[in-house]
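Student: Could we go through this chain together, beginning with its overall organisation and then turning to how its helices pack?

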Amino acid sequence: MKTPLNIQKYKAQTATVRPWAEIEQNYISLKNTDWQIDPLLQLVRHIIETNLCNRLFAFTSHDKLVVGIYDPMEWNREALHIEFDGQTQKWFFKYYPKPNEPIEFERKYTADKGIEKFDKFIKMMKW
């Protein structure tokens, strides 16, 4: 059966997940180049220390951490995108439920709330 010309087949945009220890080392390296990345580094260490690392997968794009429950991951399917802005000292969380659908969850938090809000998100999603 042919696909109509105006409908394109969905092609998953996957990303290779990285081990949590490698992500931690990446953020240590960025911190050593004066990036204000310490809050993201602390979040990664929290994930490792609480053993969330055993059920969550992630990849990074510079100072963005993308977390999900699948390996391989799709950047826009059941994925939480986390960024920390060093200038404003704010966290930005965006949850992409499915490709081609609007962001389901988008929040901004102060620097001191990142880990707390991450834990609440994980609990809410039952991840």
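Tutor: Before we begin, note that contact means heavy atoms within 4.5 Å, and that the model is a predicted one.

Student: What share of the contacts in the chain with a separation of 6 or more comes from residues 24 or more positions apart?

Tutor: The chain has 127 residues, and its secondary structure consists of three helices and seven strands, which follow one another along the sequence as β-α-α-β-β-β-β-β-β-α. Among the contacts with a separation of 6 or more, the share due to residues 24 or more positions apart is 42%.

Student: How much of the accessible surface of the chain belongs to carbon and sulfur atoms?

Tutor: The C-alpha trace spans about 55 × 30 × 25 Å along its principal axes, and 36% of the residues count as buried. The accessible surface comes to about 8,200 Å², and the part belonging to carbon and sulfur atoms is 49%.

Student: How are α2 and α3 oriented to each other?

Tutor: The axes of helix α2 (residues 38–49) and helix α3 (residues 114–125) come within 10 Å and cross at roughly 45°. Angles under 35 degrees would count as roughly parallel and those from 65 to 115 as roughly perpendicular, and therefore α2 and α3 are described as oblique.

Student: Which residues make the contact, and of which classes are they?

Tutor: The crossing of α2 and α3 is right-handed. From α2 the contact involves Gln-42, Leu-43, His-46 and Ile-47, while α3 contributes Ile-115, Phe-118 and Asp-119. By class, the residues in this contact of α2 with α3 are four nonpolar, two polar and one charged.

Conventions:
Residues numbered from 1 in each chain as written. Predicted model: local features only at pLDDT ≥ 70, side-chain atom pairs only at ≥ 80, totals over all residues. Heavy atoms only, no water. Axes fitted to C-alpha atoms, helices over the stretch in contact; angles between N-to-C directions. Helix = DSSP H or I, 4+ residues; strand = E, 2+ residues; numbered from the N terminus. Parallel < 35°, antiparallel > 145°, perpendicular 65-115°, else oblique. Left-handed = near helix turned anticlockwise from the far one by under 90°. Nonpolar A, V, L, I, M, F, W, Y, C, P; charged D, E, K, R; others polar. Buried < 20%, exposed > 50% of the residue type's maximum accessible area, 1.4 Å probe, protein only. Areas by Shrake-Rupley, 256 points an atom, 1.4 Å probe, with all protein chains shown as cover.
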